[in-house]
Amino acid sequence: MFTTLFSFLGGSVFRMIWGELSSWLNKKQDHQHEVERMRVQAELDAAQHGRNMEAIRVQAELGVKTIQVQAEAAIGTLEAEGWLEAVKGTTKTVGIAWVDAWNATIRPGVATWAIAMMTLGEFGAMVLSDNTVAVASAALGIYLADRNLMKRGK
């Protein structure tokens, strides 16, 4: 009887129990593996999202900087055009003799004054204020820039 029982349990029942136990262990390992894979995938996705957000932030900052540089360039262009128009305006005649004569003499007179002030200040014969230096520089800029631009045909 023990032989029959042992043969019965050792045969099909044992294989069935071992098969079920083995299947359960395999499913448990598969489940653990799947959970671990999902965890790692979530970490990778989070890291990718962080990189994407950083790239978007950098692109936005670069876009803002590009706009700022373009705005500064446009302002510089407008300032240069305004300066050029101001310089051109100093040589226009209005048709009134004494006004045209004044305009013809004031520019060389102011340029001479500016050169004299700068020379005296440079050699220490006179201490110039910042305002005097700024006015003399502006006067020389208009006088010399106008001549330079006229030479270039502008």
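Helices in this account are DSSP runs of at least four residues, numbered from the N terminus, and with that convention the statements about turns and positions below can be followed. The structure is a predicted model, in which the protein averages a pLDDT of 82 and 86% of the residues score at least 70.

Taken as a whole, the protein contains three helices and zero strands, and read along the sequence it follows the pattern α-α-α. Helix 1 covers residues 2–89, helix 2 covers residues 97–122, and helix 3 covers residues 130–151. The confidence of the prediction varies among these elements, for helix 1 has the highest mean pLDDT, 86, whereas helix 3 has the lowest, 71. Of the 154 residues in the protein, 9% are buried, and the accessible surface comes to about 12,500 Å², with 66% of that area belonging to carbon and sulfur atoms. Among the contacts between residues at least 6 apart in sequence, 56% join residues at least 24 apart.

A reader starting at the N terminus may look at helix 1, where Leu 21 is found. Together with Phe 14, Trp 18, Trp 24 and Leu 25, Leu 21 makes a nonpolar surface patch of about 570 Å². Patches are made of residues with over 30% relative accessible area, and Leu 21, with a relative accessible area of 39%, is partly exposed and so passes that cut-off.

Further along helix 1 come pairs of charged side chains. Side chains of opposite charge can pair when their charged atoms come close. In this protein the count comes to five salt bridges, and three of them are followed here in turn.

In one of these pairs, Glu 34 forms a salt bridge with Arg 37, and the closest N and O atoms are 2.7 Å apart. Because Glu 34 and Arg 37 lie three residues apart in helix 1, about one helical turn separates them. Glu 34 counts as partly exposed at 32% relative accessibility, and Arg 37 likewise counts as partly exposed, at 42%.

In another pair, the side chains of Glu 43 and Arg 39 meet in a salt bridge with an N to O distance of 2.5 Å. Here the two residues are four residues apart in helix 1, and they are therefore separated by about one helical turn. Glu 43 has a relative accessibility of 46% and counts as partly exposed, while Arg 39, with a relative accessible area of 39%, is partly exposed as well.

The pair formed by Arg 57 and Glu 54 has its closest N and O atoms 2.2 Å apart. Since Arg 57 and Glu 54 stand three residues apart in helix 1, the separation between them is again about one helical turn. Arg 57 is partly exposed, with a relative accessible area of 37%, and Glu 54 counts as partly exposed at 38% relative accessibility. Beyond single pairs, salt bridges that share partners join Glu 36, Arg 39 and Glu 43 into one network, so the bridge between Glu 43 and Arg 39 described above belongs to a wider arrangement of bridges, each being a side-chain nitrogen of Lys or Arg within 4 Å of a carboxyl oxygen of Asp or Glu.

The path now leads to the buried residues. The largest nonpolar core has five residues in all, namely Ala 111, Ala 114, Ala 136, Ala 139 and Leu 140. Helix 2 and helix 3 each supply at least two residues of this core, and the largest share, three residues, comes from helix 3. Helix 3 is also the element with the lowest mean pLDDT.

Between helix 2 and helix 3 there is a loop, and Leu 128 has its place there. Leaving aside residues up to four places away in sequence, Leu 128 touches Met 117, Met 118, Gly 121 and Val 133. Leu 128 and Met 117 are 11 residues apart along the chain, and their C-alpha atoms are separated by 7.7 Å.

Conventions: Residues are numbered from 1 along each chain as its sequence is written. This is a predicted model: local features need pLDDT of at least 70, side-chain atom pairs count only at pLDDT 80 or more; totals for chains, interfaces and linings use all residues. Side-chain values use heavy atoms; hydrogens and water are left out. Patches are made of residues with over 30% relative accessible area and no salt bridge: like charges are joined within 9 Å, nonpolar side chains (Val, Leu, Ile, Met, Phe, Trp, Tyr) within 5 Å. Accessible areas come from the Shrake-Rupley method with a 1.4 Å probe; for residues, only the protein chains shown count as cover. Buried means under 20% relative accessible area, exposed over 50%, partly exposed in between (1.4 Å probe, protein chains only). pLDDT is the predictor's confidence in each residue, from 0 to 100. A nonpolar core is a set of buried Ala, Val, Leu, Ile, Met, Phe, Trp, Tyr and Cys residues joined through side-chain atoms within 4.5 Å. Contact means heavy atoms within 4.5 Å.
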